[in-house]
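Subject: Structure for you to look at

Hi,

Here is the structure I promised to pass on. Have a look at it first, and then read my notes underneath.

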Amino acid sequence: MTFHAYRRRVRLAAASVTALAVLPLASCSSGDDGESGDGRVRLDINGQPPGTDARELRIFNAEVARFEESHPDIDLVPHEGFMEPETFSTRVAGGDLEDVFYVYFTDPAQIIEQGYAADITDYLADVPYLDQVRPELNEVFQDAEGRQYGIPTANYSMGLLYNRELFERAGLDPDAPPTTWEEVRQAAAAVAELGGGVDGYGECATENTGGWHLTAEIYSTGGQVADRDGEDWRAAFDTQATRDLLDNLRAMRWEDDSMGSDQMRSCEDVMVQMGAGQLGMMIAAPDALPTLVRQYDGSYENLGLAPMPDGRGTLLGGEGYMINAGASEEQIEAALTWLQWRFVNPEETERRIRQRLEDDQPVGLPMPPTPDIWAEGRVRDDIAALNERYANVPVEHVSSFMDAAPSIPGRIEPPRAQEVYAVLDNVMQGVLTERNADVGALLDEAEEQVNHLYDAS
Amino acid sequence: MAASATRRRRRAENVTAYGFLCAALVVFAVFAWYPVLRNVTLSFQEVNFVRGSSWVGLDNFRKVLDDPLFATAWRNSALFTLYALVIGFGVPFATAVLLNEFRHARAYFRVLVYLPVMLPPVVVALMWRWFYQPEGGLINELLSAAHLPTSQWTNSASTSLISLVIVSTWANMGTATLIYLAALQTIPGELYESAELDGANLWRRLWHVTVPQTRFVILMLLLLQVIATMQVFTEPFVMTGGGPKDSTVTVMLLIYRYAFVTNDFGAASAMSLLLLLVLGVFSAAYLRLTRSRQI
């Protein structure tokens, strides 16, 4: 190579390096006019199960194909994943949020406030069966004026999950689970007596799950976490009932030693212990049952679900879908067609139940394909009859939960739920990690922080 | 004729140099300077990615200053830095001095000390979560076997922060140890021989020979350590989530919560700017130190 050729090459390299540095900047934008190019309405949807969950992915893809066959004017483009709060805002900022996106019940209030979801109120009149959905679930997706921004697709209320086998071994009746927090304490002490690393009762305490559970427990005593004070919200959890509840928990942890010693755990950690048959009781929603069986080696035979102790209220949780604020009218209509067909559709329920049975999936629990979203009436009765007819799990183990569900008032999460849960995590952690925790001081401090939160908003 | 040929060659060389410089400038501008400028802008805005952001003056700063966790987070970060300076300076320096004394298997021990640096930080944090379990955890099992008192480690507000400092020191001391070791090996042996002839014991040799000879490296590493430990995030995020009772909420963890839990990018940027200003003081000290050394 001559010197000049070498110099030319060096210059070329310099130009290439500059071009490579600039190139990614130029290729970041994309356009989306909501059309597929073949005249169909293109709809990017998330909620596709990951490739590692082959069975659920197959079921999902089959449903998408079936929908597209019966709705040839709509082109569904599925994307893997559900709600990831950590990346949500950046996806909005980058224009990567799907047209139809999954949310937990904790999310819609803030998403509506920030204007990231489309107002779909004017499109709902013609959506079949939506008026049969429990009104309090629709409220989760409404703003103060009652405008609606999403569709609820599943609902879970919390209950007391317990290990029937451990109950039997501890001399307790597995068909008569505890009905008060005092009975939970007694049962936990009896189960912990078994030894061998078995704990009587387990709590989540980190990643806002401690606050989430404490909220469910406060509701169970008939209390509230936040109350309306005119236009504003105020903390409402510093009551005698909450103090008694936390004193009971403190006694389980420190006097009875029925909760083990490692307390800085997420709910996943507690589920692992439950699945391994090393935990007597925990607070959970019905969807924890298949998770325990599928992921943590639990068994439907050993697990039972009872109503929340004290039973004066229960926390409603759940999931649904919202539509991107940037979606066109055609996309909103197509999205509602998809969501109704897929999730709010009693006409497809029996086919889906049969499909689940063929795939050896649980049927009979208040979760998809028979989610507990229906108001009292014909649809709810029909779904209950199908559940009874096709159930392939011991439904009697969860019957006390199911029977009590209509009579226990369901309460939705407090405003700014995740931030409130972060504050209440401290109360739970204080009681579980400090032998001489001052429950009153913990609640006072938490109340001050929550009120500050509401004042600031 | 010859002069113009030289000029042409020089210009061609300059073009090449500017080409390489442009690439570096573009990368720095996009990935370093623009984010900093954008952070400054965002800290004065209410950020909305759909409606567009609006200017709110100092509201975001008022918001973060009013947050009851503001003081807690700064106190925890400062305490973490202080503990990390005490433990994170003493342990690697002592280890380097010890390694320097070894005559055999020095390379083997150097690898051993550096090994934790090669582990991904999240793996380290998860591993230590198990080590710290009050029942069945490695540390308490070892302490029990030696008939020593056990601890609640990350399960208690009074020991959680120091527990994280231990993890951070264990994971990061390898680099500092090797730098101290390299500095120690530049100290002429004659200095120690003279000190020994003057009757200096081990402690006096350390204090009057080793420390003065490595003073620049020590000071440089201490400043870098302050800048790094004030930004501690992985350990509290993975191991404690900021608990128990906010005892491990750090400034970075609070910034993360503002941005990705409450989606308040304005508050997150305001807090980041405050952190930037504080760290700027230490960075200026570091630059001044290294510049004075160069001169």
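Below is what I found when I went through it.

First, a caution: this is a predicted model, so please read everything here as computed from that prediction.

**Chain A overall**

Chain A has 457 residues, and 54% of them are buried. Its secondary structure adds up to 17 helices and twelve strands. If you want a feel for the dimensions, the C-alpha atoms of chain A take up a box of roughly 85 × 60 × 55 Å along the principal axes.

**One helix to look at: H12 of chain A**

Helix H12 of chain A covers residues 329-343. With 15 residues at 1.5 Å a residue, H12(A) should span 21 Å, and its end C-alpha atoms are indeed 21 Å apart, so expectation and model agree. How many of the 15 residues of H12(A) are buried? Eleven are, which leaves the helix mostly covered. Among the buried ones are Trp338(A), Leu339(A), Trp341(A) and Phe343(A). The buried set is not just greasy side chains by name, either: Gln331(A), Gln340(A) and Arg342(A) are in it too.

**Salt bridges**

Opposite charges on side chains can pair up when the charged atoms come close. Over all chains, the count here is 32 salt bridges. I picked out a few.

Arg185(A) and Asp256(A) pair through their side chains, with 2.7 Å from N to O. What does this pair tie together? Arg185(A) belongs to helix H7 (residues 181-192) of chain A, while Asp256(A) sits in the loop between helix H9 (240-255) and helix H10 (267-275), so the bridge links parts that are 71 residues apart in sequence. Asp256(A) is partly exposed, at a relative accessible area of 25%.

Over in chain B, Asp59(B) and Arg62(B) make a salt bridge in which the closest N and O atoms are 2.7 Å apart. Here both partners lie in helix H2 (residues 59-66) of chain B, three residues apart, or about one turn of the helix. Both are partly exposed: Asp59(B) has 39% relative accessibility, and Arg62(B) has 48%.

There is also a network in chain A, where salt bridges with shared partners join Glu63(A), Arg342(A), Glu348(A), Arg351(A) and Arg352(A). You have met Arg342(A) already, as one of the buried residues of H12(A).

**Arg416(A), which turns up twice**

Arg416(A) forms a salt bridge with Glu419(A), and the closest N and O atoms are 2.7 Å apart. Is Glu419(A) buried or exposed? At 12% relative accessibility, Glu419(A) counts as buried. Arg416(A), at 30%, counts as partly exposed.

The backbone of Arg416(A) deserves a look as well. Most residues other than glycine have a negative phi, and most peptide bonds are trans. Arg416(A) has a positive phi of about 50°, although it is not a glycine. You will find Arg416(A) in the loop between strand S12 (410-411) and helix H16 (417-433) of chain A.

**More backbone oddities, in chain B**

Ala105(B) also has a positive phi, near 55°, and again this is a residue other than glycine. Ala105(B) lies in the loop between helix H3 (68-101) and helix H4 (106-114) of chain B, and at 42% relative accessibility it counts as partly exposed.

Then there is a cis peptide bond, from Gly243(B) to Pro244(B), with omega near -10°. Pro244(B) is in the loop between helix H11 (234-240) and helix H12 (251-261) of chain B.

**Two surface patches**

Which residues form the negative patch? They are Asp227(A), Asp229(A), Glu231(A) and Asp232(A). Glu231(A) is in the loop between strand S7 (226-229) and strand S8 (232-235) of chain A, and it is exposed, at 73% relative accessibility.

The other patch is nonpolar and is made up of Tyr18(B), Leu21(B), Leu25(B), Phe28(B) and Trp33(B), which together have about 550 Å² of accessible area. Tyr18(B) belongs to helix H1 (residues 2-42) of chain B and is exposed, with a relative accessible area of 53%.

Cheers

Note on methods. Residues numbered from 1 in each chain as written. Chains lettered and ligands numbered in written order. Predicted model: local features only at pLDDT ≥ 70, side-chain atom pairs only at ≥ 80, totals over all residues. Heavy atoms only, no water. Salt bridge = Lys/Arg side-chain N within 4 Å of Asp/Glu carboxyl O. Helix = DSSP H or I, 4+ residues; strand = E, 2+ residues; numbered from the N terminus. Buried < 20%, exposed > 50% of the residue type's maximum accessible area, 1.4 Å probe, protein only. Expected span 1.5 Å × (residues − 1). Patch = residues over 30% accessible without salt bridge, like charges linked within 9 Å, V, L, I, M, F, W, Y side chains within 5 Å. Areas by Shrake-Rupley, 256 points an atom, 1.4 Å probe, with all protein chains shown as cover. Lys, Arg positive; Asp, Glu negative; His and termini not counted. Charge placed at Lys NZ, Arg CZ, Asp CG, Glu CD.
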